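User: I am new to this structure and would like the reasoning behind the labels put on it. Please set each value against its cut-off.

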Amino acid sequence: MKRKRILALVLAAAMAGSLVTGCSGSGSDSSGGDDSSSGSTGKVYYLNFKPEQADQWVQLAETYTEETGVQVDVQTAASGTYESQLKSEMAKDEAPTLFQVNGPVGLATWKDYCYDLSGSDVYKDVSSDDYVLKDGDQVLGIAYVIETYGLIYNKALLNDYFEADWSTVKSIDDLNNFEALKTVAEEIQAHKDDLGVEGAFTSAGMDSSSDWRFKTHLANLPIYYEYQDKGITSTDAIEGTYLDNYKQVWDLYINNATCEPSMISSKTGEDAASEFALGEAVFYQNGTWAYNDVKDNEVADEDLGMLPIYIGAEGEENQGLCTGSENYWCVNKNASEEDIQATLDFMKWVVESDEGRDMLANEMGFVTPFTTFSDYLPGNPLVQANEEYNEAGKTPVSWNFTTMPSENWKNNVGSALLEYAQGTGDWSGVETAFVDGWATEYAAANE
């Protein structure tokens, strides 16, 4: 079977021409004035967080420049490097005018750079304040995409499993808890030749293009359930109540995959996407944003589904998919007034124009929090999977990883997961990184 090219998840180079002239050093008033078109002669420099949509942002910027004559430059950070690249770019004279933070923790770092968007047109288009980051009455960040993740699965292969005389679980309705998932995965792994696959799960790559799926997205589940038990939304000291659950699902991933656990340090996000797209694995932990990476290959759109990530928590049969945002637009208040106005005008065009809405919904596959998108719903089957869980009354899992204390905490958890998988460390290392590391990093971030 000839391997088709999958869109690379790592994109380190600049996606457009030269960087723009930006930070004036004198600052700008942050009163959040109206951003209706003003004939601004300023420029826009967008530091994009999402490598998987890098090409589309460049195309959209070019379209806007053709229509308005306003220069819009886009640079995309390599996967896992956004925070460090943002720090580097903000120190330059030609700093981004439009950038992103991942939630309250990210805002705490960049709050002093954020222009007040409370009077902007893009804020007026937001459907709810649930999708903004505020400091008092100031609106400092606006989510531009609502995303969902879980276990993407190949319906055709899973149906072959259900119909096999050796399978225990016989329908997708019965695959609604960790014990059922464990049974299915282990039986698929034992009969992988019968199904024509390399493994139940894609490789759990632990390089920077892939490790965020486990040190951040998978780690969200034990945090979510601990928060639910305590009725909290953040903490300075996580207890790790559900770390045994974290362990059992991690064990399931690495022991029933397309590769041996000892190989995951060399596996990438592109490897995982390719394995799933070519029908070599049944399950692939990722989100709605991964649709562009797997479509138009061996798995038809009608065969794409998504399951919740079950970890063995009580009541998980009623769990939906993980849904939220870590993509909040912020405007650099230290840019020149002309560049700030140009940036506000560009943001308004993106969420109100036909060209912008079509690109975000249909090309990037985004679900957005803006009222202007009622006629622009993405044709993404993974988005539809989430709608089906919502319609069935399942409870979405919130994205609590935006409360993780630091990038360093995530990296330490990821390193401990890798050492455990490779046999060079034990699970106690993960527990230490998770619990003790949380308290240490939280205290450091708040000094």
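Analyst: What follows takes a few labels in turn and gives the grounds for each; the model is a predicted one.

User: Why is Ser 325 called buried?

Analyst: Its relative accessibility is 7%. Buried means under 20%, so Ser 325 qualifies. Ser 325 sits in the loop between strand 10 (319-324) and strand 11 (328-331).

User: What makes the link from Ser 325 to Val 145 a polar contact?

Analyst: The side chain of Ser 325 comes to 2.9 Å from the backbone oxygen of Val 145. The cut-off is a pair of N or O atoms within 3.5 Å, and therefore this pair counts. A polar atom of the Ser 325 side chain also lies 3.1 Å from the backbone nitrogen of Asn 327. Not counting residues up to four places away in sequence, Ser 325 touches Asn 102, Ala 143, Val 145, Ile 146, Trp 399 and Thr 402.

User: How do you know that Cys 330 and Cys 114 are not bonded?

Analyst: The closest cysteine sulfur to that of Cys 330 is in Cys 114, at 3.8 Å. A disulfide needs two cysteine sulfur atoms within 2.5 Å, so the pair is too far apart for a bond. The count of disulfides by this rule is zero.

User: Are Cys 330 and Cys 259 buried or exposed?

Analyst: Cys 330 has a relative accessible area of 0% and Cys 259 has 9%. With the limit for buried at under 20%, both are therefore buried.

User: Why are the buried residues of helix 5 said to line one face?

Analyst: The buried residues of helix 5 (residues 155-163) are Leu 157, Leu 158, Tyr 161 and Phe 162. Seen down the helix axis, they fall within an arc of 145 degrees, so they line one face of helix 5. In an α-helix there are 3.6 residues a turn, so residues three or four places apart point the same way. The cover over the buried residues of helix 5 includes strand 6 (147-154), helix 6 (178-190), helix 7 (192-195) and strand 8 (281-287).

User: What makes Asn 154 a cap for helix 5?

Analyst: A side-chain oxygen of Asn 154 lies 3.0 Å from the backbone nitrogen of Ala 156, at the N-terminal end of helix 5. That falls under the polar-contact limit of 3.5 Å.

User: Which residues touch the most other members of the largest nonpolar core?

Analyst: They are Leu 158, Ile 188, Phe 201, Tyr 246, Trp 250 and Phe 283, in a core of 84 residues. Leaving aside neighbours within four places in sequence, the contacts of Phe 283 include Leu 158, Ile 188 and Phe 201. A second, separate core has 40 residues, including Val 145, Leu 344, Met 347 and Trp 349.

User: What makes strand 6 and strand 9 a pair?

Analyst: Four bridges join them, and the two strands run antiparallel. Pairing requires at least two bridges, so strand 6 and strand 9 meet the rule. Leu 151 stands opposite Leu 307 in strand 9. Leu 304 and Met 306 point one way from strand 9 (residues 304-307), whereas Gly 305 and Leu 307 point the other way, and all are buried.

User: Why is Val 249 called buried?

Analyst: Val 249, in helix 10 (residues 243-255), has a relative accessibility of 0%. The limit is under 20%, so Val 249 counts as buried. Leaving aside neighbours within four places in sequence, Val 249 is in contact with Phe 178, Leu 218, Ile 309, Tyr 310 and Ile 311.

Terms used:
Residues numbered from 1 in each chain as written. Predicted model: local features only at pLDDT ≥ 70, side-chain atom pairs only at ≥ 80, totals over all residues. Heavy atoms only, no water. Buried < 20%, exposed > 50% of the residue type's maximum accessible area, 1.4 Å probe, protein only. Polar contact = N/O pair within 3.5 Å; in protein donor to acceptor, adjacent residues only side chain to side chain. Contact = heavy atoms within 4.5 Å. Arc of directions from axis to C-beta. Core = buried A, V, L, I, M, F, W, Y, C linked by side-chain atoms within 4.5 Å.
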